[in-house]
Amino acid sequence: MKVLNVIINLINAAVLAGTPLLLATSGEILTEKSGNLNLGVEGQMYMGAIAGLAGAWFAEQWFGTGGMIPLIIAVIFSFIMGCISGLIYSVLTVTLRANQNVTGLTLAIFGTGFGKFFGEVLGHKAGGFVAVGQETKAMFGNINFGKLTETPFIGTLFFRYNWLVYFALIIAVIMGWYLNKTRSGLSLRAVGESPGTADSAGINVTRYKYGATIIGGGLCGLAGMYMSMVNQKGIWVTDCVSGYGWLAIALVIFSTWSPLRAIYSSIIFGGLTVMYMRIPIPGLPTAIYMMFPYIATIIVLILTSIKQIKEHAQPASTGLNYYREER
Amino acid sequence: MQHFKKLLAILLCALFIFTVVACDSGKDPVKTDPSKPAESGDPVDTDKPDDPVKPDDPDKLSLENIKIGFVHITDPSDMGYTYNHDLGTQKMQKELGLKDDQIINKFNTSEDETCENALRELAEQGCHIIFATSFGFEDYVIKVAKDYPDIEFCHATGYKAASAGLDNVHNYFGKIYQARYLSGIAAGLKTEKNKLGYVGAFPFPEVISGFTAFYLGAKSVNPDVKMTVKYTHSWNNPTLEAQLAQALIDEGCDVLGQHCDSTAPATAAEAAGVFHVGYNSDMRDAAPNASLTSAVWDWSRYLVFAINKLIAGEEIPVDWGEGLAEGVCDVSPLNDAIVAPDTAAKIEEARAKIVSGDWDVFTGPLVDVRGETVVAEGETFIEPASAPSWGYILEGIDAQAD
């Protein structure tokens, strides 16, 4: 009974740890499917994190009420801020053809500074903690499904989450469907594999690259909002993203560029990061235990490169800018 | 068009760099020394007549002309350690009536050569006394202090000043364990399952001493209490802290303590409907329904003490560590709405005992997890230096192995 409880709680924690990763990974997969290797996820998440928190905080002041309105504004703000970060990246790499790696890394540094700077500005404005009210906190807390939540085991396993968990799942499923079952998704994949061919077939490469990178950035922004609003419960804490943006990039490889595989791989990955806290392995140094997610990523990398399945490979043009004149 | 695009790319990159650089050094008032250009021609001339600060008696150090430098690992937005230290600076400034330009802060200094550079910059800017506040700064402090024998260097949380063989290096810390003990009383009275949880940073004496005192405080009012400790292996990782707090709550802990920087354990406790005792800052605003109290510092006590000593021309002690009696550490105001009845009275009782000087936290009999007596009955473990050295895990504490 006790062991079962520990395992169920571990799965519960794994899902909660995996959700921001799933959102950011979905966003990054969409971006990479268009041939843009965006390494700036960490920065995009910081921008989303501060925008979401600032949105909720100001909404509480403007409307004088907590709850639904700050929630909606937080979602809109963080998504738009994520989109803006994607737009910056697109303008630099697609239109101006700047080097993708450098642009991504710069975006990571810029976004981190952006988040921390405005976090501090907000802190001065608030004169202490930037904290949202209890009602708004509750909106990002676990949903109460009534009897379902109280059901032993099942309740903890499936009905003890905040709404973003279910939202992230739906997004990943929709994206899997979009990429694999729609004409537009096919075109996007074509752009990522071979933009020259796609261009010849009459697909607007620039438009697809912009669209995918901007929406992908928006999802990263929402992932950032998860870090500040759910993990930190609506309080600005410096370093709140804690490197999850980099984890998301690793997770894209881990899930071999598939949003559907990202669902379980993000839960496994999240589980590996929190497992050391819950299931001690006697004799195993914690420092080694904490490496597990990264060891797993390396193993997946090795396995996929041995098996050489084309569907599991990185889109062929990822990281390369498209010059129409050099087709 | 092509030229325009290139230009735009350059401009955007410049904007990026500007924003990043501007954000980094926004709070870093590096002022160029007005006497520098004149000096370049004639480096030996130190008694310049045009120096506005010390025209009459150039050697006389006073509150009007003293310059004080600080090196911090983060900036006050951490709402934790650096925030607390900076509050101490502000209080000291007010108390001594110093002007803003007499204090130079170096924020966000990492524990590597950056620290050495920061210390040298402060020394060259004419600081008379420099405070370095993070543990990892110590070796750099000693290194730089050798080159500047006329400048006093004070390092918090370190232990090497006594053995460094330099007159101008000093360590300081405080008996924070006494405040931890008081905050533990609030936790011990509040817990219903008699199970406390503790989010620790590292298995390291400063942390172990802290949670042992916290546990002993709880045990003094609740003999049945047990405690589980888990480590994040980081001084500041808010996400891990939140996850670790949740892991402790899932194991049945109903009051959490912490030795880490963020408010994450407090808010995680609040969301789960359990309670929390903080460290470094009063966290009642962050988690009004969970935060009982916090163990907090008042660093201004030492800053004022050291600066006054320097001005009076007296020796600053090589190692300084005062406690509750001197007001260096204390518990923040209790959250009256949620603390257990009697908490204030019990805390006052213990405070009186500690302040009287007859009794201290680590008084025997204390037995560790292996059943060995580490402090015998009637004896008291006194820290030999200001930096904690206590490393025993006591019976009743389930600390995660390293």
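**Exercise 1. In what order do the seven strands of the open sheet of chain B stand, and is the pairing mixed or not mixed?**

Before the solution, a note on the model: this is a predicted model, in which local features need pLDDT of at least 70 and side-chain atom pairs count only at pLDDT 80 or more, while totals for chains, interfaces and linings use all residues. Residues are numbered from 1 along each chain as its sequence is written, and chains are lettered from A and ligands numbered from 1 in the order in which they are written.

*Solution.* Strands (E, at least two residues) and helices (H or I, at least four) are DSSP runs, numbered from the N terminus, and two strands pair if DSSP finds at least two bridges between them. Read across the open sheet, the order is β12-β10-β9-β8-β6-β7-β15 of chain B, with mixed pairing. At the edges stand β12 (329–331) and β15 (397–399) of chain B, each of which pairs on one side only. Within the sheet, β6 (residues 195–200) and β8 (residues 255–258) of chain B run parallel and are joined by four bridges, and Val199(B) stands opposite Gln258(B) in β8(B).

**Exercise 2. Describe the side of chain A that touches chain B.**

*Solution.* Start with the contacts, where two residues count if their C-beta atoms, placed from the backbone, lie within 7 Å: 37 residues of chain A are in contact with 35 residues of chain B. Next, the elements of chain A that give two or more residues to this side are α1 (2–33), α4 (100–126), α11 (205–231) and α13 (259–278), and α4(A) gives the most, with nine residues.

**Exercise 3. Is α11(A) largely enclosed or not enclosed by the rest of the structure?**

*Solution.* Take the span to begin with: α11(A) has 27 residues and reaches 38 Å from its first C-alpha to its last, close to the 39 Å expected at 1.5 Å a residue, the expected span being 1.5 Å times one less than the number of residues. Then consider burial, where a residue is buried if 20 or more other C-beta atoms, placed from the backbone, lie within 10 Å of its own. Of the 27 residues of α11(A), 24 are buried, so this helix is largely enclosed by the rest of the structure. After α11(A) comes Lys233(A), whose phi is positive, near 55 degrees.

Terms used. A residue is buried if 20 or more other C-beta atoms lie within 10 Å of its own, exposed if 12 or fewer, and partly exposed in between; C-beta atoms are placed from the backbone.
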